[in-house]
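Here are three short exercises. Try each one with the structure in view, then read the solution.

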Amino acid sequence: MHWFSLSPCPDPGRADRPSHCEIREFVVPVVGNALAVDASPNGGIAVHGGNRPDVRVRARVVANAETQREADALASQVKVLTDDGRIRSEGPQVAGRDSGWSVSFDLAVPSDGGLDLLSKNGGISLADVSGRIEVATTNGGISMTNVNGDVRGHTTNGGVKVELAGDGWQGAGLDVQTVNGGVSLLVPDGYSAHVAAGTRNGGVKCEFPITAQGALNRELATDLGQGGAPITIRTKNGGVTIGKR
């Protein structure tokens with residue numbers, strides 16, 4: 001599986017066409033109960049929670065064109081907008097196969113705020129955050145590390161990786177799913193939760209002994225430790241692995 005991370009500039013782009021890459025940085029206040037980030041149509045999102053009162057935004061703008069001058073000019077027309085608690089980008093419609101632009105976001109946020117993260121062609125990763133969180137992309141993987149709260153995630157074409165931390169889920173629960181891709185759940189020793197995992201075309205592998213219910217090699221439902229909040233991970237086409245972190 002490939003997980004999204006924000007690469008620095010300069011960007012090599014495609015070797016057969018000129019490319020412009022730049023990093024734009026902003027610090028914006030927290031507005032409302034949830035931060036909305038839209039990286040559509042082409043871009044990924046990486047979120048890192050911490051002890052901070054505001055949001056630091058690093059936007060990676062990449063433009064490609066037939067000439068370097070055209071690539072530079074295209075990048076200058078791409079806007080990164082950070083108003084009303086929403087972070088997104090706008091740019092011109094581009095004709096032709098040899099021109100295009102994308103904006104990916106790297107965000108440092110308060111650890112306990114809500115998040116609404118959306119992409120179309122790009123991966124989404126988040127770490128050390130809790131709250132009401134919605135994550136959705138079409139073509140890209142989803143990675144979650146040390147998350148809690150009421151967390152929902154979905155991708156169509158991409159893998160899912162979840163790494164839990166602490167001694168049990170804090171909040172309503174987790175439900176993250178993919179259609180085409182493998183799913184991995186890593187759990188620390190002594191963790192308490194109710195885990196449900198499944199696949200339609202693939203297998204379910206658990207790397208430690210448990211008492212489970214479900215269809216052999218397709219579905220699994222079990223209480224870890226003392227049980228607790230539901231943690232659901234599913235795919236239609238791919239394998240599922242549950243292991244120790």
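**Exercise 1: placing N148**

N148 sits in strand β10, which covers residues 142–157. The model is a predicted one.

Task: Decide whether N148 is buried or exposed, and find which residues N148 touches beyond four places in sequence.

Solution.
- Step 1. Take the relative accessibility of N148, which is 12%.
- Step 2. Buried means under 20%.
- Step 3. N148 is therefore buried.
- Step 4. Skip residues up to four places away in sequence; N148 then touches V129, S130, G131, I133, G168, W169 and Q170.

**Exercise 2: the faces of β16**

Task: Work out which side chains of strand β16 (residues 219–224) are buried, and what stands opposite T222.

Solution.
- Step 1. Follow the side chains along β16: they alternate.
- Step 2. L220, T222 and L224 point to one face and are buried.
- Step 3. E219, A221 and D223 point to the other face and are not buried.
- Step 4. Now add the partner. Strand β14 (residues 193–201) pairs with β16 in the antiparallel sense, over 6 bridges.
- Step 5. V195 stands opposite T222.

**Exercise 3: the setting of A36**

Task: Locate A36 in its strand, classify its exposure and list its contacts beyond four places in sequence.

Solution.
- Step 1. A36 belongs to strand β2, residues 34–38.
- Step 2. Its relative accessible area is 22%, so A36 is partly exposed.
- Step 3. Leave out neighbours within four places in sequence; A36 is in contact with G85, R86, I87 and D116.
- Step 4. Check a distance too: A36 and V179 are 143 residues apart along the chain, and their C-alpha atoms are separated by 24 Å.

How values were computed. Residues are numbered from 1 along each chain as its sequence is written. This is a predicted model: local features need pLDDT of at least 70, side-chain atom pairs count only at pLDDT 80 or more; totals for chains, interfaces and linings use all residues. Side-chain values use heavy atoms; hydrogens and water are left out. Helices (H or I, at least four residues) and strands (E, at least two) are DSSP runs, numbered from the N terminus. Buried means under 20% relative accessible area, exposed over 50%, partly exposed in between (1.4 Å probe, protein chains only). Contact means heavy atoms within 4.5 Å. Two strands pair if DSSP finds at least two bridges between them.
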